[in-house]
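Student: Hi, could you walk me through this protein before I get back to the bench?
Tutor: Happy to, let's put it on screen.

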Amino acid sequence: MSLRPSTAAAIQDMPPPGGYKKLDFARYIPDRGPKGWQLWVGATTLVMYGYYQVGKTNQARIQQKMQERKVRYALAPLMQAEADREYMERELVNLRREAEIMKDVTDLKGNPWVPGSSQYFGGQWMPRKVSYFMRHQG
């Protein structure tokens with residue numbers, strides 16, 4: 001069921017005479033943070049400091065690599081001498097084993113087999129592969 005509209009004049013709420021009193025909003029609302037230019041200055045400072053730190057770290061890393069490289073260059077002859085000595089020991093063991101295995105074998109000309117001689121008649125000496133020694137050592 002609905003009500004019929006009244007024929008009386010509508011009553012509207014109006015402000016008091018002279019209006020409502022003014023409210024000081026600034027007093028009740030605090031600042032919302034730093035200003036825009038302060039944010040830009042802060043962000044720029046942080047980014048510049050970060051790039052400075054990256055540059056310092058890169059320089060330190062380059063210096064560290066240079067020192068490691070100098071040490072490696074200084075040790076290279078010693079390491080090569082050690083590797084050559086180990087190679088010669090393995091070669092001697094293999095030549096002795098070859099002499100024992102091939103003691104009854106002759107080459108194409110009828111001469112006794114010479115340990116370490118090339119079966120390909122190359123004429124140029126080439127060192128054997130290290131993996132070859134590892135497989136054939138007993």
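Tutor: What follows is a short chat about the fold, the confidence and some side chains.

Student: Where do these coordinates come from?
Tutor: This is a predicted model. The protein has an average pLDDT of 83, and 82% of its residues score at least 70.

Student: Which helix has the highest confidence, and which the lowest?
Tutor: Helix H2, residues 36-101, comes out highest with a mean of 94. Helix H3, residues 130-136, is lowest with a mean of 50. Where pLDDT is low, the predicted coordinates should not be read in detail.

Student: OK. How many helices and strands are there?
Tutor: There are three helices and zero strands. Read from the N terminus, the order is α-α-α.

Student: And what share of the residues is buried?
Tutor: Just 4% of the 138 residues count as buried.

Student: Switching to charges, how many salt bridges do you get?
Tutor: The count is two. In one of them, the side chains of arginine 85 and glutamate 82 meet, with N to O at 2.7 Å. Arginine 85 also forms a salt bridge with glutamate 89, and there the closest N and O atoms are 2.4 Å apart. Through shared partners, Glu82, Arg85 and Glu89 are joined into one network.

Student: Why can side chains like that pair up at all?
Tutor: Side chains of opposite charge can pair when their charged atoms come close.

Student: Where do the partners sit along the chain?
Tutor: Arginine 85 and glutamate 82 both lie in helix H2, three residues apart, which is about one turn of the helix. Glutamate 89 is in helix H2 too, four residues from arginine 85, again about one turn.

Student: Why does arginine 85 count as partly exposed?
Tutor: Its relative accessibility is 42%, and partly exposed covers values between the 20% and 50% cut-offs. Glutamate 82 is also partly exposed, at 34%. Glutamate 89 is partly exposed as well, with a relative accessible area of 42%.

Student: What about patches on the surface, which residues make the positive one?
Tutor: Arg61, Lys65, Arg69 and Arg72 form a positive surface patch. Arginine 61, for one, is in helix H2 and is partly exposed at 45% relative accessibility.

Student: Which residues form the nonpolar patch?
Tutor: That one is made of Val71, Leu75, Leu78 and Met79, and together they have about 410 Å² of accessible area. Valine 71 belongs to helix H2.

Student: Is valine 71 buried or exposed, or somewhere in between?
Tutor: In between: valine 71 counts as partly exposed because its relative accessibility is 48%, and exposed means over 50%.

Student: Last topic, glutamate 100. Where does it lie?
Tutor: Glutamate 100 lies in helix H2. With a relative accessible area of 59%, glutamate 100 is exposed.

Student: How far is glutamate 100 from proline 115?
Tutor: They are 15 residues apart in sequence, and their C-alpha atoms are 9.0 Å apart in space.

Student: Great, can you sum up the salt bridges for my notes?
Tutor: Sure: Glu82, Arg85 and Glu89 make one network through salt bridges that share partners, and the total is two salt bridges.

Note on methods: Residues numbered from 1 in each chain as written. Predicted model: local features only at pLDDT ≥ 70, side-chain atom pairs only at ≥ 80, totals over all residues. Heavy atoms only, no water. pLDDT = per-residue confidence, 0-100. Helix = DSSP H or I, 4+ residues; strand = E, 2+ residues; numbered from the N terminus. Buried < 20%, exposed > 50% of the residue type's maximum accessible area, 1.4 Å probe, protein only. Patch = residues over 30% accessible without salt bridge, like charges linked within 9 Å, V, L, I, M, F, W, Y side chains within 5 Å. Areas by Shrake-Rupley, 256 points an atom, 1.4 Å probe, with all protein chains shown as cover. Salt bridge = Lys/Arg side-chain N within 4 Å of Asp/Glu carboxyl O. Lys, Arg positive; Asp, Glu negative; His and termini not counted. Charge placed at Lys NZ, Arg CZ, Asp CG, Glu CD.
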